[in-house]
Amino acid sequence: MKAYTNEKHCSVSFDVWGTLIDLDHMLRRIAHVLAEREGEDANLYNTKVLEAYERSKALRRKNPGLSPDQLLSKSREIMAEMLGISVDILNSVIEEAFAKTRADDALYQDVIPTLDGLSQLGLEIGIIGNVLFWPSRFTVSLLERMGLSSYFSTYVFSDKIGYSKPDREVFLKYAEIVGCEPERIIHVGDNVVEDVGGALSSGFHAVLIRRNGNESILVKPLRTAVINDMRELLRVIDKF
C-alpha cells in the first residue's frame, strides 16, 4: 500500500460526463457539426441526438449483459439511425465535435478549484467512466487538451477493462490500481445507479453531484452525500 498524507481517505475517483464535463454541450456540438455539414437546422438534429442518448441509456440499463464494446457499437448504430447517416459518418462527426470543443465551453467552472484542493490534501485522483457513442480515448484526449490530465493518476474505463458501472468489478479494479482500501475511496458522479449504487456496493463512499439542486446534504451513516457545487466536495471529505 502507498503512504497517503490524508489519514481517513486516500483517493477520490470521478465520473467524467455530467460530472466534470458538460455532456449536454457535447451532444449539442455533435448535432451542430452535422447540421453544418448538411445545411440543416441544428435544433432538428439536437432533438434526435438527445433521443438517441435516452434510447442508448435505456439499452444499457435493460441489458446489463452487454459488454462495453457491444454497447459502444449498438449506441452508435442507434444514433446513426436516428440521424439518418452511416456509422462511419457519425464517427467522423463525433471526432470533429471533440476537436471543436473547448474547456471554456464544456468544463464546469467548479471543477478546477476542486481538483486543486484535492491535490493539496494529498489524495490520489482518478477517473472511473463508462463509454457511450465514443471510445474512452476520445475522452482522455479531451481531458488532456483541457489541462486536466495532470490531476489524474489513474483511468479506469469500461471499454478498457470489459465491465461497466455499476458493476462492482469496475470500482474494485480502481481500488486495486491505486492501492487503496475501498472504504478509503470517495467516488463522485452524476448518476444515482451507476455512480452512487456502484460505489456503495463496492465499499466506497459516494457523492452525487446535482448542480441544479437547492442544497447539499450529507448522510454519514450511508457514506453518501449530495452536493450542488463540486467545491462542496472539499467540505464533505472532511466530514465523512
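**Exercise 1. Work out how helix 6 and helix 11 pack, and which residues they use.**

Step 1: place the helices. Helix 6 covers residues 111-120 and helix 11 covers residues 232-239. Helices are DSSP runs of H or I with at least four residues, strands are E runs of at least two, and both are numbered from the N terminus.

Step 2: get the geometry. The two axes sit 8 Å apart and make an angle of about 35°. Axes here are lines fitted to C-alpha atoms, for helices over the stretch in contact, with angles running from 0 to 180 degrees between N-to-C directions.

Step 3: list the contacts (heavy atoms within 4.5 Å). Helix 6 brings P113, T114, G117 and L118, while helix 11 brings L233, L234 and I237. Sorted by type, that's five nonpolar, two polar and no charged residues. For the sorting, Ala, Val, Leu, Ile, Met, Phe, Trp, Tyr, Cys and Pro count as nonpolar, Asp, Glu, Lys and Arg as charged, and the others, Gly among them, as polar.

A word on the input: this is a predicted model, where local features need pLDDT of at least 70, side-chain atom pairs count only at pLDDT 80 or more, and totals for chains, interfaces and linings use all residues. Residues are numbered from 1 along each chain as its sequence is written, and side-chain values use heavy atoms, leaving out hydrogens and water.

**Exercise 2. Check the radius of gyration of the protein against the globule rule.**

Step 1: apply the rule, 2.2 Å times the number of residues to the power 0.38, with the radius taken over C-alpha atoms. For 240 residues, a compact globule would come out near 18 Å.

Step 2: compare. The protein has 18 Å, which agrees. Its C-alpha atoms fill a box of roughly 55 × 35 × 30 Å along the principal axes.

Step 3: look at what's inside. There are eleven helices and seven strands, and 51% of the residues count as buried. Buried means under 20% relative accessible area, exposed over 50%, and partly exposed in between (1.4 Å probe, protein chains only).

**Exercise 3. Trace what the salt bridges K165-D15 and D110-R211 tie together.**

Step 1: set the criterion, a side-chain nitrogen of Lys or Arg within 4 Å of a carboxyl oxygen of Asp or Glu. The whole structure has 13 such salt bridges.

Step 2: take K165 and D15, whose side chains meet at 3.0 Å, N to O. K165 lies in the loop between helix 8 (158-161) and helix 9 (168-178), and D15 in the loop between strand 1 (11-14) and helix 1 (23-38), so this pair ties together parts 150 residues apart in sequence. Both residues are buried.

Step 3: do likewise for D110 and R211, also at 3.0 Å, N to O. D110 is in the loop between helix 5 (103-106) and helix 6, and R211 in the loop between strand 5 (205-209) and strand 6 (217-219), so the parts tied together are 101 residues apart in sequence. D110 is buried at 6% relative accessibility, whereas R211 is partly exposed at 26%.

**Exercise 4. Pick out the unusual backbone at P166, F133 and R223.**

Step 1: recall the background. Most residues other than glycine have a negative phi, and most peptide bonds are trans.

Step 2: check omega. K165 and P166 are joined by a cis peptide bond, with omega about 15°.

Step 3: check phi. F133 has a positive phi of about 80° and is buried at 2%. R223 has a positive phi of about 55° and is partly exposed at 27%.
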